[in-house]
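Subject: Handing over the structure

Hello,

Here is the structure I promised to pass on. Please open it first, then read my notes underneath.

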There are 2 protein chains.
Amino acid sequence: MVSRLPLYLRALKQLLTDGLDVASSQSLGRRLHMTPAQIRKDLGYFGRFGKQGRGYDIPYLINELEQILGLNQEWPVALVGVGRLGRAILGYPGFNPEGFSIRAAFDSSPSVVGQNLGGIEVQSIKNMEDILRNEGIRIAVVAVPAAQTQAVIDQLVNAGVQAILNYSPTSPQAPREVKVRNVDPVMALQSMTYFLRSVPVPPR
Amino acid sequence: MVSRLPLYLRALKQLLTDGLDVASSQSLGRRLHMTPAQIRKDLGYFGRFGKQGRGYDIPYLINELEQILGLNQEWPVALVGVGRLGRAILGYPGFNPEGFSIRAAFDSSPSVVGQNLGGIEVQSIKNMEDILRNEGIRIAVVAVPAAQTQAVIDQLVNAGVQAILNYSPTSPQAPREVKVRNVDPVMALQSMTYFLRSVPVPPR
């Protein structure tokens, strides 16, 4: 249920950009391919945001959802793994506007450590735990090869990191109190080819 | 349920790499933080793969899952949007080993069209529909700015594309028979900060 709040937040921001001030659960539902009842139930779990028959005040609801999600503050983030994928993540323009700021980057390769990438000096993974503790970083993005992922995640957990975004094609283990989300484009593709198999090829 | 099969497939491949030949629903469950009953139920929906008390033969189950998911063939893929993110996607090493091969790339910017990137010549988005139809491409990866996403997806649907992996920070609309998966690292982070808010900062 919490996992759908970012989706609602994004849809509300789009509606605001489109010039709207008020949204109904119907209009949100149409946009998100969900039933209005589901949306009302999800939001109702966190508070009373709408007035019967009047819909939701968009700027108010955006602000409330941002508070619930902890987005009314900036979150420093560490990146582990500065290979091709890690560099793309460093350059990804979507994090900063949403309050996620990559403050430290780590790698194990001597040829990468010491490089300055967009204002961030890559540091040795050997010093990672101390640096994370000192800087109070609680969120990490992991972009290391699959074989190294579990060891890196163990180190992050030891250093007090509580939320991990994992780009490696693995299902790493972490204590239950540490949140891990896997960003895996290949798995997303694989979950769609199942459907392609069973639908006809479109006429050309 | 289908959406969990790629997860099982990945875990089974890891176990095989680790030198194992047989997996129980218990060992899979421990690895994936799921109950054995859930795994047996999911797999049981698609066939009878295990023998009571003996567990699953890993190479056999991998092969079966790949057939179910349509992964025993190569899938040509189109990339739309060759900016910073699109270039990172073109360079992403994870697609090819799993049978997804980027065969065409499109952009609207005259400064990008005509460039050769890793053996693929970027083509004008104006010609996209014809090219996709001629090449029989049914899967597309979208990495265009948010404001252009819906128009691009409409074009893809017109061209017969049936599966779309969307990297834009939007919730685009598509007909129900077209599968869309959103890969959005920011939303993944946002769904974790909720939990960080409610747990104590670890001692330093």
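Below is what was found, starting with the ground rules.

This is a predicted model: local features need pLDDT of at least 70, side-chain atom pairs count only at pLDDT 80 or more, and totals for chains, interfaces and linings use all residues. Residues are numbered from 1 along each chain as its sequence is written, chains are lettered from A and ligands numbered from 1 in the order in which they are written, and side-chain values use heavy atoms, with hydrogens and water left out.

**Chain A overall**

Chain A has eight helices and 10 strands. Helices (H or I, at least four residues) and strands (E, at least two) are DSSP runs, numbered from the N terminus. The C-alpha trace of chain A spans about 60 × 50 × 35 Å along its principal axes.

Of the 204 residues in chain A, 50% are buried. Buried means under 20% relative accessible area, exposed over 50%, and partly exposed in between (1.4 Å probe, protein chains only). The accessible surface of chain A is about 9,600 Å². Carbon and sulfur atoms hold 50% of that surface. These areas come from the Shrake-Rupley method with a 1.4 Å probe; for residues, only the protein chains shown count as cover.

Take contacts in chain A between residues at least 6 apart in sequence: 56% of them join residues at least 24 apart. A contact means heavy atoms within 4.5 Å.

The domain assignment splits off domain 1 (2–68) and domain 2 (75–187) in chain A. Such bounds come from an automatic or database domain assignment. The C-alpha centres of the two domains of chain A lie 32 Å apart.

Chain A carries 21 positive and 16 negative charges, and their mean positions are 10 Å apart. Lys and Arg count as positive and Asp and Glu as negative; His and the chain ends are not counted. The place of a charge is NZ of Lys, CZ of Arg, CG of Asp or CD of Glu.

**The seven-stranded sheet of chain A**

Seven strands of chain A form an open sheet in the order β6-β7-β5-β4-β8-β9-β10, with mixed pairing. Its edge strands are β6 and β10 (179–182) of chain A, and each pairs on one side only. Two strands count as paired if DSSP finds at least two bridges between them.

Start at the β6 end. Strand β6 (residues 116–117) of chain A runs antiparallel to β7(A), joined by two bridges. Leu117(A) stands opposite Ile120(A) there. The two strands form a hairpin with two residues between them. Gly118(A), in the turn, has a positive phi of about 55°.

Next, β7 (residues 120–124) of chain A runs parallel to β5 (residues 100–107) of chain A, with three bridges. Ala105(A) has Val122(A) as its bridge partner in β7(A).

Further along, β4(A) and β8(A) pair in the parallel sense over four bridges. Ala78(A) is matched with Ala140(A) in β8(A). Strand β8 (residues 139–142) of chain A also pairs with β9 (residues 163–166) of chain A, again in the parallel sense over four bridges. Here Ile139(A) stands opposite Ala163(A).

Both faces of β8(A) are covered. Ile139(A) and Val141(A) are buried on one side, Ala140(A) and Val142(A) on the other. In a regular strand the side chains alternate between the two faces of the sheet.

**Helix α5 of chain A**

In helix α5 (residues 84–91) of chain A, Gly86(A), Ile89(A) and Gly91(A) are buried. The buried residues of α5(A) pack against β4 (75–80), β5 and β8 of chain A, together with α5 (84–91) of chain B.

**Chain B**

Three strands of chain B form an open sheet in the order β1-β3-β2, with antiparallel pairing. β1 (22–23) and β2 (50–51) of chain B stand at the edges with a single partner strand each, so one side of each has no neighbour in the sheet. Two bridges join β1(B) to β3 (residues 55–57) of chain B. Val22(B) stands opposite Asp57(B) in β3(B).

Thr149(B) lies in helix α7 (residues 146–158) of chain B. Thr149(B) counts as buried because its relative accessibility is 1%. Neighbours within four places in sequence aside, Thr149(B) is in contact with Val142(B), Val144(B), Asn166(B), Ser168(B), Thr170(B) and Pro172(B).

Best wishes
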